[in-house]
Amino acid sequence: MSANISSADVANSPSQSKQKYNLNKLQKRLRRNVGKAIADFGMIEHNDKVMVCLSGGKDSYTMLDILMFLKKIAPIHFDIVAVNLDQKQPGFPEHVLPQYLDSLGVEYKIVEEDTYSIVKDKIPEGKTTCSLCSRLRRGILYRTAKELGATKIALGHHRDDMLETFFLNMFHGGKLKSMPPKLVSDNGEHIVIRPLAYCNEKDIIKYSEAAEFPIIPCNLCGSQENLQRQNIKAMLQDWNRRFPGRIESMFRALQNVAPSHLVDKNLYDFKSIKTQDAPVADGDIGFDPPSFDTQPTAEEENDIHIVNMTEAK
Ligand code: SF4
């Protein structure tokens, strides 16, 4: 059973009807975006067993909710198993996820591993604990996927996480690199997917509030979110306020890369460039300033693209 936010008690006042309409639109948009990402990147195949990593935050609840809906309407068969890692952080409300998952009737596993003590033991007070914690968590999730026979591992990162990572890598790592929507795990054994790749965080926040997911706070370990990521997030939010459409344009850029117009000699063989008789398809005009066509925003594009899975409903 996925969250049915449209069935909330709605009286007949115009503002409540409008609210219901907006929530319906939001739910449809999120489902459509997830369906489109799954189709575009071949994330889920027939007979896959998808291990949905559930942290108890808004993103992973939303991902599980939408995947459960798509499972019902998809033209292919796939199974879902939700997995939560209880890292034994002080104050972790152990009963919340089992209660919620029981109510959904979804297969799940809670893995209990005290990574909190390991991290506290190994990392000096005041230092950032996230990198060791993430490494430990990753290893445990890979092991769990193997034990469960999962063929895909689904993570709840969304479009805005991907953009933040892109700028983090560019500003601090000297790399043009984001978070891939689909990848092979670093140990080579698993396929990791990010079904929320086309979903924006604002939609997820609104959806999660409307669906009243039982959110577990993410600061139980006492660690702060990486300061550099916080700065990038603030920068993007500021751009979004001052230049509407810029975030959508940047995300389109990640899907529209021109290696011949970057400076990576390993990606494009500049040395072998030769003149040719026919005009070059998409060739550079060289001497003229660039011009920019008006492109539809991602949301407009989403309204144009109807995803097969959602259409089947
Ligand atoms: S915020 Fe806490 S739980 Fe999350 S990765 Fe960092 S140390 Fe681990």
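Start by selecting glutamate 212: with 11 C-beta neighbours inside 10 Å, this residue counts as exposed. Here a residue is exposed if 12 or fewer other C-beta atoms lie within 10 Å of its own, buried if 20 or more do, and partly exposed in between, with C-beta atoms placed from the backbone. Glutamate 212 sits in the loop between α7 (201-211) and α8; helices (H or I, at least four residues) and strands (E, at least two) are DSSP runs, numbered from the N terminus. Check its backbone too: phi of glutamate 212 is near 55°, a positive value in a residue other than glycine. Most residues other than glycine have a negative phi.

Before moving on, a word on what you have loaded. This is a predicted model, in which local features need pLDDT of at least 70 and side-chain atom pairs count only at pLDDT 80 or more, while totals for chains, interfaces and linings use all residues. Residues are numbered from 1 along each chain as its sequence is written.

**Another positive phi**

Now jump to asparagine 47, in the loop between α1 (14-41) and β1 (48-53). Asparagine 47 has a positive phi of about 70° although it is not a glycine. Is asparagine 47 buried or exposed? It counts as exposed, because 10 C-beta neighbours lie inside 10 Å.

**Along the strands**

Follow the chain into β1, which runs parallel to strand β2 (residues 78-86) and is joined to it by six bridges. Two strands are taken as paired if DSSP finds at least two bridges between them. To see one pairing, select cysteine 53, which stands opposite valine 83 in β2. Between β1 and β2 the chain passes through helix α2 (residues 58-73), and this β-α-β crossover is right-handed: with the strands pointing away from the viewer, the path from the first strand over the helix to the second runs clockwise.

Next, colour strand β3 (residues 107-112), which is parallel to β2 and joined to it by six bridges. Leucine 85 has valine 111 in β3 as its bridge partner. Helix α3 (residues 96-104) completes a right-handed β-α-β unit with β2 and β3.

While you are in this region, highlight residues 55-60, where UniProt places the feature "short sequence motif: PP-loop motif" (unreviewed entry). UniProt positions are given in the numbering used here, feature names are shortened, and annotations may be inferred rather than shown by experiment. Over residues 55-60 the chain is 50% helix and 0% strand, with the end C-alpha atoms 6 Å apart.

**The ligand and its cysteines**

Show the ligand and select Thr129, Cys130, Cys133, Ser134, Cys221 and Ser223, the residues around it (C-beta atom, placed from the backbone, within 6 Å).

Which residues does UniProt list for "binding site" (unreviewed entry)? They are Cys130, Cys133 and Cys221. These span 92 residues in sequence, yet no two of their C-alpha atoms are more than 10.0 Å apart, so they gather at one spot.

Zoom in on cysteine 130, in helix α5 (residues 130-148). With 16 C-beta neighbours inside 10 Å, cysteine 130 counts as partly exposed. Leaving out residues up to four places away in sequence, cysteine 130 touches Ser223 and Asn226, contact being C-beta atoms, placed from the backbone, within 7 Å.

Cysteine 133 is also found in helix α5. Cysteine 133 is buried, because 21 other C-beta atoms lie within 10 Å. Beyond residues up to four places away in sequence, cysteine 133 touches Thr115 and Val119.

How values were computed:
Two residues are in contact if their C-beta atoms, placed from the backbone, lie within 7 Å.
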